[in-house]
Every structure is written in C-alpha cells, then in structure tokens.
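Colleague: Before we discuss this model, could you show it to me, so that I can ask how its descriptions are justified?

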Amino acid sequence: MLWSKTRKALRARGVMGINQRNGDYILRYNKRSLYPLVDDKIKTKKMALDAGIRVPELYGTIATEQGISTLRKVVDTHRDFVIKPAEGAGGDGIMVIADRFEDYFRSASGRIITLEELEHHISGIISGIYSLGGHRDQALIEYRVTSTELFKRISYEGVPDIRIIVLKGYPVAAMLRLPTRQSQGKANLHQGAIGVGLDLSTGVTLDGTWLNRKIQRHPDTANAVAGLTVPDWEDCLSLAARCYDLTGLGYLGVDLVMDRDHGPMMLELNARPGLNIQIAMDDGLLRRCRIIEDYLESVGDKDLPAAERIAFSKSKFAVAGPVAVEPQEPS
Amino acid sequence: MGSVKFQARLLAFFLLLLGVGSVLYQVFVQHVPLSQDETDQVWVVDAEVGFNARPNKPVKVRMFVPPQNNAYTTLNESFISNNYGVNVNTEKGNRQVTWSSRRAEGNQYLYYRLMLTQRYAESPENEPGPQFRPAPALKGPERLAAEALLEPIRQHSADVETFISETIKRVNELENDNVQLLLGSDLSPENRAKVVDLLLAMSHIPAEPVHTLRLAESQGQQPELWLRSYNGKQWLYFNPVNGQQGLPEDRLVWWRGAESLLKLDGGKSGNVSFSVHRNEMSALQLAQSLRMKDAESFIDFSLYELPLPAQQLYRILIMIPVGVILVLLMRSLVGMETLGTFTPVLVALAFRETQVLYGVLLFTFITAIGLSVRSYLEHLKLQLLPRLSVVLTFVVITMALLSLLGYKLGMGSGLSVGLFPMVVLTMVIERTSIVWEERGGSQSLKVALGTLFTAILCHLLMVWQPLVYFVFTFPGVLLCLASFMVLMGHYRGYRLTELVRFRAMVEGDKH
C-alpha cells in the first residue's frame, strides 16, 4: 500500500508525528504545572527579565476596564508600540502601532487608528476574545521590534521571527519564519507564513516550507530564501538554550526576534511547538531528539552548562557542505 | 518511562483477559446466544390420550410424563382437558399425571403438550442405582435353557457392560432353541427385554427398562424400549433388540420401569399417540421465557435483569464507549479534527432523536445561521460573551421557528427538536464559534465538517443492532475496549493526515 511506504520512509527519516510529540516529548518532558509560565506572556517576560534574558521592553499592562483609561499615559512617551493579549495564541489580537499622526495612531500597514479604537481593542482583549477558552485576559503594551534590513527582501510586512526547538536545553532545530501577504504580516505557519530552515551550527538559511510544500523563493518578493546568515547566531542559540533553565520545560519552542538596534530578543515560549519545522529543515525532529537523548543517557542525565550544550548541538546538527548558493547583496 | 509502558501493557493485557474471559464464559458456559437472530430448536411433543368412557362411572386416567431432570430444559408443559381434574405426582423417579372426572361419556380426548429445548440444559444428575439383585427362582426347562444360554455369555464377557451386550446378542439369536423356549411365541421387543432381564437377574445383575421417545419430526410415534443398568459409576443404556449401546442424543426418557404408559379406570380402549414437531425460537426470547419461570439462565446478573426502561437507557449508554473509541481512532490514527474530544459522540446521540438525514440538515442549517449571526455581530465589535449569548438566543429562536413551521405545514413531529438535540446543537455552535474566534473561519469549517462526519459514523455504529445486542449482552466487551484505549495511549505512529502533511519530505528523497 502506498501509505505504508510513505510511513516507512518517514520513519526512516526520523520524522516526528503528533502522537509521538504529545506522548514521548510534551507529556514526558513538560510538567503540566509549568505551562502557565509560558501561556502567560507577562509571566514569561518577568521571569526572563529576572534571569537576564533579553526581551522587548514592557511599557505597561492593562487588566481591567478601568485600567483602559491609563492607556494614553502608558503610550504617551512612545512613538511606536505593540499591544497584545497576554494569553493569545497564533498571533491573534496583536496590534502594531508604527507611528503617530497628530491625535491618531498609524498601524504597521498604514491604517489610521483612533484612540477609541485602540481602547475598544484592549477591551476586547480583556474580555477574552483572543485567549484560549475565552476567559478574561490582560493586555500588554510593549516595545515594537524593528526588523533588520537583512530580512526585508525575504519578508512581507511584519517581523520575521526565529523558532528554535530546545530539548532539555539542547537546541535541536531552528527555522526562520517569514510573514507573507497571505499570513497578513503574521509569522505563523498555519496562517500562511513561510518557514525557512536554519543550519544550527552557522545560522545560515536553507530552503523553506510554505503550506506544507517545499519552496525556494518567497512568494511575495520572489527572492531566494536560502543562503542568508542570521546575525548574532551565537546569541540566539544561547538565549534559546537558557530558556530551558528558566522554565524547566524539557521540550520547548523558543521564539526570538531580531531587532535592528538591540539584536536577538526572546519573544515568547511555546510548550507545544508545531511540527512544520521538520519540513523547513528537511530533517526529522525525532532523529535529532534521539541523538540528544542518547547523549544525555551517556552523560547520566546531568544538566551541563549552556555553552557545552550548544557546542554539542552545533557539532551534531551542522548541515554538511556549502549552503550559500546565492551571493548576498545589500538591499 | 519503560516501566510505565510495561505497566500500561500489563493493565491492557489484564483488561483484555478479563473482558475476553467474561465473554467466553457467557458464550461457552452460559450458552448466551451470540446474536439476536440466533434461534434454537424447540421440540414440541404432543401426547394425545384417547379412550372410551364407560357411562355413569368415575374416570381416572394415569399416564407417565417425562421427569423434570432430563437432558432437556422444559420450556412449557400443559395438560389440556375438558372437565377433568389434573394432578401430577412423582414416584420412584417417574412423573405421573392423573386426570380424573366424576362422569364422562363416549370418546374422550386428553392432551399433554411438552416444549423442550437443549440450550441451557444441565446434564441430569447421576443418581446411583443398585448393583446387585437376588436371582429369581426358576424351575424346569426354563432354568435349564437359561443356564445353557448364560454359560457362553459368561465366557465371552469381561464385565457388566460386555455381559449385558453379549446377553442381548444371544437373546436376539432367534433360531437358538433355548431362546425360543424362553421367548415362547411372543417376539415383541418387550418380551425380548423381559428375557434379557431374566437372564441378567439370574446373574444378579440389576437392569431396568426405560421407555424413550425420539425427538424427530414424527406422527404416531411409539415409545421405544431400552434397558439400563448401573455399573457402579454410571448408567449403561442398551437397546434390547439390536444390542446398540448408549442412549442417542435425541432420546427423551419418558418413564422407567415395567409399568405400562397408560392406566385407565372407568374407560376402555385407551390409546396414546405421540407426535413431535420442531420449532424455532429466538434464543433471547427463550432465555427470557425461562427467566419468567425462575429457571436458571444467563439472564441472572446480566443487564437483562434491569427493569425495561432502565434496559432501554443502558442500551444507549453502553454504546457510548464504542462511539468514544471511534472518535479516538479518527483523531489519533486518522488525524481528523473534531470539536472538543467527545462532542461527536454527543451529536451522534442527538441523531438518535432526529434521524441522521434530518439531523445533518438541522445541524448544518442551524450552525450556518448561528455563525452568520456571529460574523455580523463581530462586525458590530461586540465582546465575546455578549456575542455568544446573542448567537445562542438566535439559535433557540431558529429552532422554535422551525418547529412552528413544521407544525403549520403538517409535518408533525418531523421538524420538532427534542431537548437533548437542542442542547447539543447549542453547544456545538458555541464551540464552533470559539474555534472561529481562535483559529479562523476555514479552520472552524474544517473542524465542523470533521465533527459532523465523525458523528455520522458514530451514530451508524451506535445504532447498529447486532453490535448493540452484543455489547449489551456481553458487557465484558467494554473491558476489551478499555484495554485497546490504554494501548492507544502509547501509540506513537503517524496519523494518516500526517502522511499527507510530511509527504514533501519523502518526495525530496526520490530525486
């Protein structure tokens, strides 16, 4: 049967399925009691700040309807900022204000927004429109990340982010997520963003995946996605690896953004990271996780320092051969 | 982790063992029918007693009827007579019915009807018999003839069993002078049996005639005579005419001893004729009718003991795990997305009341209305809770309007929605809306269709009568299901949808 052949081929490549991810990784490495740490972005951010992990600066939080009136005061000193729900999922409910225009605000896509509209949006966030399960939520107002020039030619609006999967503190897989016209500036693969695999040892981009297909070029800009080097790659890996020590979650998806001025920052953490990263990297997660698990067994399950963990991952998950196919040119 | 996996497997194994064990016990020990359509042979034996009553004299008719502890289960026994008193008494292992009447005249007919089945019957108790009896005093030529016959029989036999069969063989050698002398002119089986009995008595071997009826479609059958003897362990049965040993399966012992079947006081030319018919009866009905008679049957300690309304309820409830396992398969093996975990089972239960086709239409129509109201309200920028509340209110209004419309158009109960489907529908719409809020319209459509599809499958499975019967009758099946569920908890294979999703990764291998 065709299916059993595909099944075998996937197994041979070490591709991880949802059942396997849920049963052998999430259920096994992620304690249920630790979930609130990553489900609530405010908690995550405060914890990261305490541990010295770089995050976008928090301007303020609004938890009640009465608190909405403080919005003006919070944003008064900032030209641009982002409003998001603390427990939102999939990038919904995020409003990016890029500029001011007299008494109005201007969104990232150029739309003019009144203060009343902003307040209504925050009221929606608080009432739980965007939170999982619809319970009450908080709105957080934070620093707006500016994309580096490097990614401009392979993304459409929005800010690309970097997803790194970390197993027991060892980075196992990484991809760059690029917004497209279809994803409406969101860097979420389910909504049509592109995932581009990253060579874990160098931070160089590989081919990409878009809606479960393999692609070479960005559908909106038509530029090749492969061959770019993510700046401050060491920093990115170190940030990601330290998030394990921070939360204690053994199987973690770390989302980083690359700010033009401040370098890599941790945006959010995910206790149930998706599996599409495998298509982006063109490699099975299971294969890579098994390498880490075997290694952990050989060192007797003790927690090594982050630097050693990163060194091990880099030595194991380097993509062989020259990857830079196209010369890089400043856009 | 490894030990946990082992524990889970152990648990699954024990659940399976328990489940399969209980089903096997019910099938092989309690003889519970495997399917509702299973039928059993039921034998209907009619005995017609006819006689001519003498005028102005009390009539008393006594006839043997089969004892209760035979190899068959009695379903029903009736004595049919007009103006006769009926009395049944047991005596020396035989049962006898006595019909009596103060006066009767002319030709009289009395009927005895017995319904038997082999299912649920227990093998009759083996009450021991005598192993010795004194030899009768014989004189003259008979004594000589008997001794002459016994001499070679003794030589050719090793034990009671072979002795008896040898004796029967000798007595049936009709040209033998000694046999002729003992039989006289009467060659009937009864007389032969009498001679065999005589020879056995001479050797102190007890023997007793038994009268049997053959259970096969027949008219005017006469009881067949057999001999039986107790060898210390069991009763041995012999056919006194052809020496055949062992009572065939289809024989019913009617009475034992030398007495005749019918005894008639105050009448003449009494005559009994037997007819045997074969009937089929649903095995379940049979068990239930046995239950009514307080006979032992598998009904004891089963769900069939519940009062009928409770049975009806449990016929539905007990199918829920079956639906649940289907949802589990659809989600874990196929990868189909559904609203919530077990909403499809609830929708399937709702389909019970609405019928599938109408249920699907209703489900689609009302959900569509609910969702369009929702998207309009989103346009108005209402908050989540007020928005959902308005949606649900409109859903209820739509349902009411549908019922009203159906009633006005004379479609009767067709369009009315019961309370349960309404609650389920409302819940479905709420959940679909939440999925819409969280993951967008196309995703919610996909999930809703997945739910609908799974619910239809669940419904079809949950109302499939042979399965309902099986699970209801053998609740051990639930343990087997639980065992499978435990195993599924450690299933790590790909879902079917993932094979499609990751296809790109394998295609890359080929070139």
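Colleague: What makes the six strands of chain A an open sheet, and in which order do they lie?

Modeller: In this predicted model, the order of the six strands is 1-6-2-3-4-5, with antiparallel pairing. Strand 1 (58–62) and strand 5 (112–113) of chain A have a single partner strand each and stand at the edges, so one side of each has no neighbour in the sheet.

Colleague: How do you know that strand 1 of chain A is joined to strand 6 of chain A?

Modeller: Two strands pair if there are at least two bridges between them, and strand 1 and strand 6 (residues 139–142) of chain A, which run antiparallel, are joined by four bridges; therefore they count as paired. Within this pair, A:T61 is opposite A:L140 of strand 6.

Colleague: Which strands are joined to strand 2 of chain B?

Modeller: Strand 2 (residues 59–65) of chain B is joined by seven bridges to strand 5 (residues 94–101) of chain B, in an antiparallel arrangement, and there B:V61 is opposite B:W99. Strand 2 of chain B also pairs with strand 12 (residues 262–265) of chain B, again in the antiparallel sense, over four bridges, with B:M63 opposite B:L262.

Colleague: Why is helix 9 of chain B called oblique to helix 13 of chain B?

Modeller: Helix 9 (residues 343–354) and helix 13 (residues 441–462) of chain B pack with their axes 8 Å apart, at an angle of about 55°. Angles under 35 degrees count as roughly parallel and those from 65 to 115 as roughly perpendicular, and the angle of about 55° fits neither range, so helix 9 of chain B is oblique to helix 13 of chain B. The crossing of these two helices of chain B is right-handed.

Colleague: What residues make up the contact of helix 9 with helix 13 of chain B, by kind?

Modeller: They divide into eight nonpolar, four polar and no charged residues. Among them, B:V347 and B:F351 belong to helix 9 of chain B, while B:A455 and B:M462 belong to helix 13 of chain B.

Colleague: What does UniProt list for residues 444–462 of chain B, and how much of that stretch is helix?

Modeller: The unreviewed UniProt entry lists residues 444–462 of chain B as one of several stretches under "transmembrane region". In the model, that stretch is 100% helix and 0% strand, with its end C-alpha atoms 26 Å apart. Residues 312–329 of chain B, also listed there, are 89% helix and 0% strand, with end C-alpha atoms 27 Å apart.

Terms used. Residues are numbered from 1 along each chain as its sequence is written. Chains are lettered from A and ligands numbered from 1 in the order in which they are written. This is a predicted model: local features need pLDDT of at least 70, side-chain atom pairs count only at pLDDT 80 or more; totals for chains, interfaces and linings use all residues. Axes are lines fitted to C-alpha atoms, for helices over the stretch in contact, and angles run from 0 to 180 degrees between N-to-C directions. Angles under 35 degrees count as roughly parallel, over 145 as roughly antiparallel, 65 to 115 as roughly perpendicular and the rest as oblique. A crossing is left-handed if the near helix is turned anticlockwise from the far one by less than a right angle, and right-handed if clockwise. Two residues are in contact if their C-beta atoms, placed from the backbone, lie within 7 Å. Ala, Val, Leu, Ile, Met, Phe, Trp, Tyr, Cys and Pro count as nonpolar, Asp, Glu, Lys and Arg as charged, and the others, Gly among them, as polar. UniProt positions are given in the numbering used here, feature names are shortened, and annotations may be inferred rather than shown by experiment.
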